[in-house]
Amino acid sequence: SDHALSYPASPAHMDWSVHYPAFVASTAEEADGGAEEKDGRKESEAAEQEREQEQEKEQEQDGDTAVAPVPRMKKQVEIADIGCGFGGLLFALAPKMPDTLILGMEIRTSVTQFVVDKAHALRAQHPSQYQNVSCMRTNSMKFLPNFFARAQLSKIFLCFPDPHFKARKHKARIVSATLNSEYAFVLRPGGIVYTITDVEDLHLWMVGHFEAHAAFERVGDEEVEADECVAVMRSETEEGKKVERNKGKKFVALFRRLPDPAWP
Ligand code: SAM
């Protein structure tokens, strides 16, 4: 059950070094360099400040029992594949964007272990590749904001999510008004949520919920077709391959995170 899942108290407490050892910063200057391109105040600065404040607060509260600081990273995770299954999308994307940290989130223990083992095997075979891909076991419906700071992510993938057909099971779907607000929180403005499913009813549900959410707009067809991640999502996910074999339909929809409106 979820009681057995471990998760950090906040993103500032998350130790990513076990997932991406090649991206541990060896000097303070190297830390969090990946967020440089962003306009305005760097999100990395915000995350760092939050980390420092949290650690100071804990030190005050706990006296000598303060938690050990986590290693600083050169990059932050930027892409999350929610319900990644056996990781087909992760391993196809990783070599295409070697400087971007990609994380699969999966609730099944054995499936998570399979993905972690595969990442290690691929790193051993191709030492300069696959350092940027990892997987963790978690319930993404519950703990997303524990792992990612506001506006940390540039892409979220929801590939062939479990359809939960019956109306009384719809609350288990990974798209809902509440969860979309969490995706909006962890996505940066301009960031994209990618969805694909072979279940038309679920597709319409996802489109309806994202279009109804003020933080998102649907991405137009031309841009969808030009996005190389869409081709990967269609052809490299395990479910995408299964649907292909069965000559089924695949429904794709992308949603862009809009900037927050300015305060009056
Ligand atoms: N995305 C993969 C693909 O396209 O091949 C796998 C799709 S599979 C139908 C859905 C996956 O989501 C399963 O591996 C399931 O264990 C996982 N899952 C379901 N609920 C989840 C949750 N709350 N948190 C994380 N993973 C979840």
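In the predicted model, a polar side-chain atom of Asn139 lies 2.7 Å from a nitrogen atom of the ligand. A second nitrogen contact involves the backbone of Thr138, where an N or O atom is placed 3.4 Å from a nitrogen atom of the ligand. Glu106 contributes through its side chain, a polar atom of which lies 2.5 Å from an oxygen atom of the ligand. Of the 600 Å² of accessible area that the ligand has on its own, the protein covers 87%. The ligand is surrounded by 17 residues, the closest being Gly83, Glu106, Arg108, Asn139 and Cys159.

The protein chain comprises 264 residues, of which 50% are buried. Its secondary structure consists of nine helices and seven strands. The accessible area exposed by the protein chain is about 13600 Å², and carbon and sulfur atoms supply 52% of this area. Among contacts between residues at least 6 apart in sequence, 80% join residues at least 24 apart.

The seven strands form an open sheet with mixed pairing, in the order E3-E2-E1-E4-E5-E7-E6. Strand E3 (133-137) and strand E6 (216-218) are the edge strands, each pairing on one side only. From one strand to the next, the twist averages 20 degrees. Strands of a sheet pair through backbone hydrogen bonds, in either a parallel or an antiparallel sense. For strand E2 (residues 101-106) and E3, the sense is parallel, and the pairing extends over five bridges. Within this pair, Glu106 has Arg137 in E3 as its bridge partner. Glu106 thus appears both in the sheet, as the bridge partner of Arg137, and at the ligand, as one of the closest residues.

On the sheet, helix H6 (residues 200-211) lies across strand E4 (153-159), strand E5 (187-197), E6 and strand E7 (251-257). The helix runs at about 15 degrees to E7.

Two buried residues illustrate the packing around other parts of the chain. Asn132 is located in the loop between helix H3 (109-125) and E3. With a relative accessible area of 1%, Asn132 is buried, because the limit for a buried residue is under 20%. The side chain of Asn132 reaches the backbone oxygen of Ala94 at 3.1 Å. Apart from neighbours within four places in sequence, Asn132 is in contact with Tyr20, Phe23, Ala94, Met97, Pro98, Thr100, Leu101 and Ile102. Ala94 is therefore a partner of Asn132 in the list of contacts, and its backbone oxygen is the atom reached by the Asn132 side chain.

Phe147 belongs to helix H4 (residues 140-147) and is buried, with a relative accessible area of 2%. When neighbours within four places in sequence are set aside, the contacts of Phe147 are Ser6, Tyr7, Pro8, Pro11, Met14, Trp16, Met105, Met136, Thr138 and Gln152. One of these, Thr138, also has a backbone N or O atom 3.4 Å from a nitrogen atom of the ligand. Phe147 and His13 are 134 residues apart along the chain, yet their C-alpha atoms are separated by 8.5 Å.

Most residues other than glycine have a negative phi. Ala151, which is not a glycine, nevertheless has a positive phi of about 60 degrees. This residue is found in the loop between H4 and E4, and at 3% relative accessibility Ala151 counts as buried. A positive phi, of about 55 degrees, is also present at Lys247, likewise not a glycine. Lys247 lies in the loop between helix H9 (238-245) and E7. In contrast to the buried Ala151, Lys247 is exposed, with a relative accessible area of 73%.

A further loop residue, Ser176, is found between E4 and helix H5 (177-186). The side chain of Ser176 reaches the backbone nitrogen of Leu179 at 3.1 Å. Ser176 has a relative accessibility of 18% and counts as buried, because the limit lies at 20%.

Key: Residues numbered from 1 in each chain as written. Predicted model: local features only at pLDDT ≥ 70, side-chain atom pairs only at ≥ 80, totals over all residues. Heavy atoms only, no water. Helix = DSSP H or I, 4+ residues; strand = E, 2+ residues; numbered from the N terminus. Buried < 20%, exposed > 50% of the residue type's maximum accessible area, 1.4 Å probe, protein only. Contact = heavy atoms within 4.5 Å. Pairing = 2+ DSSP bridges. Axes fitted to C-alpha atoms, helices over the stretch in contact; angles between N-to-C directions. Areas by Shrake-Rupley, 256 points an atom, 1.4 Å probe, with all protein chains shown as cover. Polar contact = N/O pair within 3.5 Å; in protein donor to acceptor, adjacent residues only side chain to side chain. Near = heavy atom within 4 Å.
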